[in-house]
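Trainee: Could we walk through this one together? I'd like to get the hang of reading strands, helices and salt bridges.

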Amino acid sequence: MADDLASRDTMNAAETAAESAIPQAELDRMTDELIAAFKTVFDPEIPVDIYELGLIYKVDIDDDRKVDIEMTLTAPGCPVAGDMPGWVENAAKSVDGVADVEVRLTFDPPWTPARMSDEARLALNML
């Protein structure tokens, strides 16, 4: 799968670039680095990162470089529900230029395996 958050309707950087005080090249760099950071966070019960699992629903970068992340879990009763948002926050904060991060969990819409990338399906022998 290409590392294009916009194609997965999770990143609004491209849509807001014309309105943003952050130069497009900087938004592109931050987007790429956020994707890489998300790919370092794994669901401990599934050997696939949260980005490829499709757990990241939305990411917004505002003019103050605050990153708002909306994400879900594979199930509401996930044993790491209390920990994973913190892991995602720490990963996003590691990106150069990010001033602040807020992570919100949502279960609307509920996660389904249809949100997984082909890379995740391949890793889980689901292709």
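Trainee: Okay, which residue in S2 is the bridge partner of Val-59?

Mentor: Quick note before that: this is a predicted model, where local features need pLDDT of at least 70, side-chain atom pairs count only at pLDDT 80 or more, and totals for chains, interfaces and linings use all residues. Residues are numbered from 1 along each chain as its sequence is written, and side-chain values use heavy atoms, with hydrogens and water left out. Strands are DSSP runs of E with at least two residues, helices are runs of H or I with at least four, and both are numbered from the N terminus; two strands pair if DSSP finds at least two bridges between them. Strand S1 (residues 56-61) runs antiparallel to S2 (residues 66-71), and in S2 the partner of Val-59 is Ile-69.

Trainee: How many bridges join S1 to S2?

Mentor: The two strands form a hairpin with four residues between them, and there Arg-65 takes a positive phi near 70°. As for the bridges joining S1 to S2, the number is five.

Trainee: What arc do the buried residues of H2 cover around the axis?

Mentor: Buried means under 20% relative accessible area, exposed means over 50%, and partly exposed is in between (1.4 Å probe, protein chains only). In H2, the buried ones are Leu-27, Met-30, Thr-31, Leu-34, Ile-35, Ala-37 and Phe-38. They sit on the same side of H2, because the arc they cover is only 160°. That arc is taken from the directions from the helix axis to the C-beta atoms, and its value here is 160°.

Trainee: Which residue forms a salt bridge with Arg-65?

Mentor: A salt bridge is a side-chain nitrogen of Lys or Arg within 4 Å of a carboxyl oxygen of Asp or Glu. For Arg-65, the closest N and O atoms of the pair are 3.0 Å apart. The pair links distant parts of the chain, 39 residues apart, with Arg-65 in the loop between S1 and S2 and its partner in helix H2. That partner is Glu-26.

Trainee: Which residues are linked with Glu-26 in a network of salt bridges?

Mentor: Helix H2 has a salt bridge between Glu-33 and Arg-29, at 2.9 Å from N to O. Those two lie four residues apart, about one turn of the helix. The network links Glu-26 with Arg-29, Glu-33 and Arg-65.

Trainee: Is Asp-68 buried or exposed?

Mentor: Asp-68 meets Lys-66 in a salt bridge of 3.4 Å, N to O. Lys-66 is partly exposed at 23%. With 18% relative accessibility, Asp-68 counts as buried.
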